[in-house]
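Please look over the sequence and the structure shown here before reading on. The paragraphs that follow go from one part to the next and explain each term when it is needed.

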Amino acid sequence: MAKTYVRRLIDDELPGALGVHPALLVVGPRAAGKTTTARRYARSVVRLDRPAEAAAFEADADAALATMDEPVLLDEWQAVPEVLGAVKRAVDDDSRPGRFLLTGRVRADLDAETWPGTGRLVRLDMHGLCEREIAGATGAASPLDRLAAGDPLSLSTPSDGPDLPGYIELALRGGFPDAALRLEGAGRERWLASYLDQILTRDAVHISGRDPVRLARYFEALALNSAGIVSDSTLIEAAGIDRKTAVAYERLLANLFVLDVVPAWLTNRLSRMVKTPKRYIADPALIGAALRMDTRAVMRDGGILGRVLDTFVAAQIRAEAAVIGPRPRLFHLREKNGRREVDLLAELGGDRVIAIEVKASAAPRRTDAGHLEWLRDRLGERFVAGVVLHTGPSTFALSDRIAASPIASLWTHVS
């Protein structure tokens, strides 16, 4: 039976980008669906992680590229890095739009000054499936666009949203298409455990030569502290490594798109704010895989429950932020004394912000918006909207420009 294609958020962006730019680079985690989506826009597909297909490009990438019908999809470009030079030369000679698509699952060299893609390859980020894609609601307005319009009450109230255990089940299901759409139960758990093992013992070791045992310990420490503001020393002690190794591990996991490091938001309108970043496991299903926890186990552990829920919401926001324009940047906010904090800030153009809080509560009250009100009062008109995302059924106003809304409103659209 043929697999049914699930339309992705990036499908609204790819055709237009191909009509303008000669070469696009789609990057994201392993098994996020990059190849499945990109090949829908290509006439020729080359799997560079397959030795038989890579051989011609390893021998003479320029000549091999010249024989292909365009648009050409060069899948897993990092397996034959010299193909980038061939694409650069081809684009320099002929800059017609829509010639090349490249996909990859390693960020490591993308920001290097000597990287040949600079000025030739336009990068598009693609994350795992978000719930709006799974729900088939990609044609609806992005929830971030609705919030950016300044009306948090425009978020839709779902007719039949999940309860708290239901949200945890969605989080631990994750956003990897093969696991989320085609597997369940023990089969999905095995897939996720195998995925994590592949990342930590093969992909990471192949790239960096790092010790997989110590790297696995470090990842487990990150999973235990996902969505938290945790000191480097806490992670170092938990993993049994030194500071230099921890820095290298963090960079490596971020380059493999399984860790998202969200910086602290700093402004001269606020004082005494922490500068420590907030670390998220990119897909909450990997928390379950790393800690070997199912929904029942997470529900019994209040600390992990909150972290899984926050990580799940961050994954939805991250996917939305990657496709709306202009691209908002994501931050977190916390005072040094810990009295006030905001889970996520989406910074829009003109230094305007959307503020997001996540509560594992079915009945949030105005007091749950206290930190958002504090931020609004200090930022004035720069504060566009605030929302307390919760596990209950309703959207309602909490204060000026601040509403409470179910987490499911991020993917629910009511016409």
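Helices (H or I, at least four residues) and strands (E, at least two) are DSSP runs, numbered from the N terminus. The model is predicted, and local features need pLDDT of at least 70, side-chain atom pairs count only at pLDDT 80 or more, while totals for chains, interfaces and linings use all residues. Residues are numbered from 1 along each chain as its sequence is written, and side-chain values use heavy atoms, with hydrogens and water left out.

A single residue makes a good starting point. V87 is part of helix α4, and with a relative accessibility of 1% V87 counts as buried, a word that stands for under 20% relative accessible area, whereas exposed stands for over 50% and partly exposed for what lies in between (1.4 Å probe, protein chains only). Contact means heavy atoms within 4.5 Å, and, not counting residues up to four places away in sequence, V87 touches A23, L65, L74, F100, L102 and L121. Of these partners, F100 is 13 residues from V87 in sequence, and the two are 7.8 Å apart in space, C-alpha to C-alpha.

Helix α4 leads on to a sheet. Strands of a sheet pair through backbone hydrogen bonds, either parallel or antiparallel, and here two strands are said to pair if DSSP finds at least two bridges between them. Five strands, in the order β2-β3-β4-β1-β5, make up an open sheet with parallel pairing. Because β2 (44-47) and β5 (122-125) stand at the edges with a single partner strand each, one side of each is left without a neighbour in the sheet. From one strand to the next the twist averages 20 degrees, where axes are lines fitted to C-alpha atoms, for helices over the stretch in contact, and angles run from 0 to 180 degrees between N-to-C directions.

At one edge of this sheet, β2 and strand β3 (residues 72-75) pair in the parallel sense over four bridges, and R47 stands opposite D75 in β3. Two helices pack on the sheet: helix α3 (residues 51-66) touches β2, β3 and β4 (100-104), with a direction at about 135 degrees to that of β2, and helix α4 (residues 83-93), the one that holds V87, touches β1 (23-27), β3 and β4, with a direction at about 155 degrees to that of β4. In a regular strand the side chains alternate between the two faces of the sheet. In β2, S44 and V46 form a covered face, while V45 and R47 form an uncovered one. V45 also has a bridge partner in β3, namely L73.

A second open sheet has six strands in the order β8-β9-β10-β11-β13-β12, and its pairing is mixed. The edges are held by β8 (329-334) and β12 (396-399), each with a single partner strand, so one side of each has no neighbour in the sheet. With direction ignored, neighbouring strands of this sheet are turned by 30 degrees against each other on average. At one edge, β8 and strand β9 (residues 341-347) run antiparallel and are joined by five bridges, with R329 opposite E347 in β9. Helix α15 (residues 302-321) lies across β8, β9, β10 (353-358) and β11 (383-390), and runs at about 155 degrees to β10.

How many of the residues of strand β13 (residues 402-406) are buried? Five of its five residues are buried; I402, A404 and P406 point one way, and A403 and S405 the other way. β13 runs parallel to β11, to which five bridges join it, and V388 stands opposite A404. With β12, β13 pairs in the antiparallel sense over three bridges, among them one in which A397 has A403 as its partner. The hairpin of β12 and β13 has two residues between the strands, and R401 takes a positive phi near 65 degrees there.

Finally, there are empty spaces inside. On a 1 Å grid over the protein atoms alone, a cavity is a set of points where a 1.4 Å probe fits but cannot get out, and lining residues have an atom within 4 Å of a point. The largest cavity has a volume of about 90 Å³, a volume being the space filled by probe spheres set on the points, which are joined across faces, edges and corners. Among the residues that line the largest cavity are R8, D125, H127, E133 and A319.

Key: 1 Å grid on protein atoms, 1.4 Å probe; cavity = no way out; pocket = protein on both sides within 12 Å on 5 of 7 lines; lining within 4 Å.
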